[in-house]
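Thanks for coming. Please look at the sequence and the model while I talk.

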Amino acid sequence: MRAARRNLSKRQQQQAATTLQQKLSQDSNFKYAKSIALYLANDGEVNTDLTIQQAWQRGQHVYLPMLDPIRKGYLWFVEYKPNSRMRKNRFGIAEPDPRFNRRINPKFLHTVGLPLVAFDSAGNRLGMGGGFYDRSFEFCRQPGIKPKLFGLAHRCQQVDTLPMENWDIQLKGIISV
């Protein structure tokens, strides 16, 4: 599945980014959220740059995941602005430098668009295998107010069925382009 998304042409990737931005601009979960978490595309993931730019234009606070430097296997969510100082993590992925950008507890995010490797029609998500999002959002299993989690994917990433593990966090939906 990773190879399938990496093999999409530059034009297909650009179209996917445009389609994602259009879909999310009409989705009330994203359109009216004050704080949203997205990601910077890596390894063929759906590009969120246009969506991020639109969120900034709307005055929304955008947060990106960064590897938690204290708790291994968890994520921090750090505010991302047009002028944010960035740094590369151990995987070579750019993330906002937390010394210069505000961090938010994931409990206070309204909506989260997260990457995935594969998904099925039941809304199950296969991630990169590190469990970072599952651990960081494990609080979503408890009652109370929580962020709405959406997987963002290319259509070619859909499979018939995926196993659901007891530690997997359930998504509100998958937005495929």
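I start with a term: a salt bridge is a side-chain nitrogen of Lys or Arg within 4 Å of a carboxyl oxygen of Asp or Glu. What you see is a predicted model, in which local features need pLDDT of at least 70 and side-chain atom pairs count only at pLDDT 80 or more, while totals for chains, interfaces and linings use all residues. Residues are numbered from 1 along each chain as its sequence is written, and side-chain values use heavy atoms, with hydrogens and water left out.

By the salt-bridge rule, the count comes to seven. I will show three of them, and I need two more terms for that. Helices (H or I, at least four residues) and strands (E, at least two) are DSSP runs, numbered from the N terminus. Buried means under 20% relative accessible area, exposed means over 50%, and partly exposed is in between, with a 1.4 Å probe and protein chains only.

Which residue does Arg6 form a salt bridge with? The partner is Asp43, and the closest N and O atoms are 2.7 Å apart. This pair links distant parts of the chain, since Arg6 is in helix 1 and Asp43 in the loop between strand 1 and helix 4, 37 residues apart. Arg6 is partly exposed, at 44% relative accessible area.

Asp43 also forms a salt bridge with Arg2, with 2.8 Å between the closest N and O atoms. Arg2 lies in helix 1, residues 2-6, and Asp43 in that loop, so this pair ties together parts that are 41 residues apart in sequence. Arg2 has 36% relative accessibility and counts as partly exposed.

The third salt bridge joins Arg5 to Asp43, and here the closest N and O atoms are 3.1 Å apart. Is Arg5 buried or exposed? Arg5 is buried, with a relative accessible area of 0%. Asp43 is buried too, at 18%. Through shared partners, the salt bridges of Arg6, Arg2, Arg5 and Asp43 make one network.

Next, the sheet. Two strands pair if DSSP finds at least two bridges between them. In general, strands of a sheet pair through backbone hydrogen bonds, either parallel or antiparallel. Here an open sheet of seven strands has the order 6-3-2-1-7-10-11, and the pairing is mixed. Why do strand 6 and strand 11 each have one side without a neighbour in the sheet? Strand 6 (103-104) and strand 11 (173-176) stand at the edges and have a single partner strand each, so one side is left free of a neighbour.

At one edge, strand 3 and strand 6 run antiparallel and are joined by two bridges. Val78 stands opposite Arg103 in strand 6. Further along, strand 7 and strand 10 run parallel, with five bridges, and Leu114 is opposite Gly151 in strand 10. Strand 10 also pairs with strand 11 in the parallel sense, over four bridges; there, Phe150 has Gly173 of strand 11 as its bridge partner. Five of the six residues of strand 10 are buried, so this strand is largely enclosed by the rest of the structure.

That brings us to the core. A nonpolar core is a set of buried Ala, Val, Leu, Ile, Met, Phe, Trp, Tyr and Cys residues joined through side-chain atoms within 4.5 Å. The largest one has 36 residues, and Phe77, Leu109, Phe137 and Leu149 touch the most other members. Elements that give two or more residues to this core include helix 2 (10-26), strand 7 (111-115) and strand 10 (148-153). Strand 2 gives the largest share, four residues. Take Leu149: contact means heavy atoms within 4.5 Å, and beyond four places in sequence the contacts of Leu149 include Val112, Leu114, Phe137 and Ile169.

Last, the loop between strand 10 and strand 11. Gln157 is placed there and is buried, with a relative accessible area of 1%. A polar atom of the Gln157 side chain lies 2.9 Å from the backbone oxygen of Val117. Not counting residues up to four places away in sequence, Gln157 touches, among others, Met1 and Arg5.

Val159 lies in that loop as well, and is partly exposed at 22%. How far apart in space are Val159 and Asp120, C-alpha to C-alpha? They are 5.2 Å apart, and 39 residues apart in sequence.

Terms used: A polar contact is a pair of N or O atoms within 3.5 Å; within protein, one must be able to donate a hydrogen and the other to accept it, and residues adjacent in sequence count only if both atoms are side-chain atoms.
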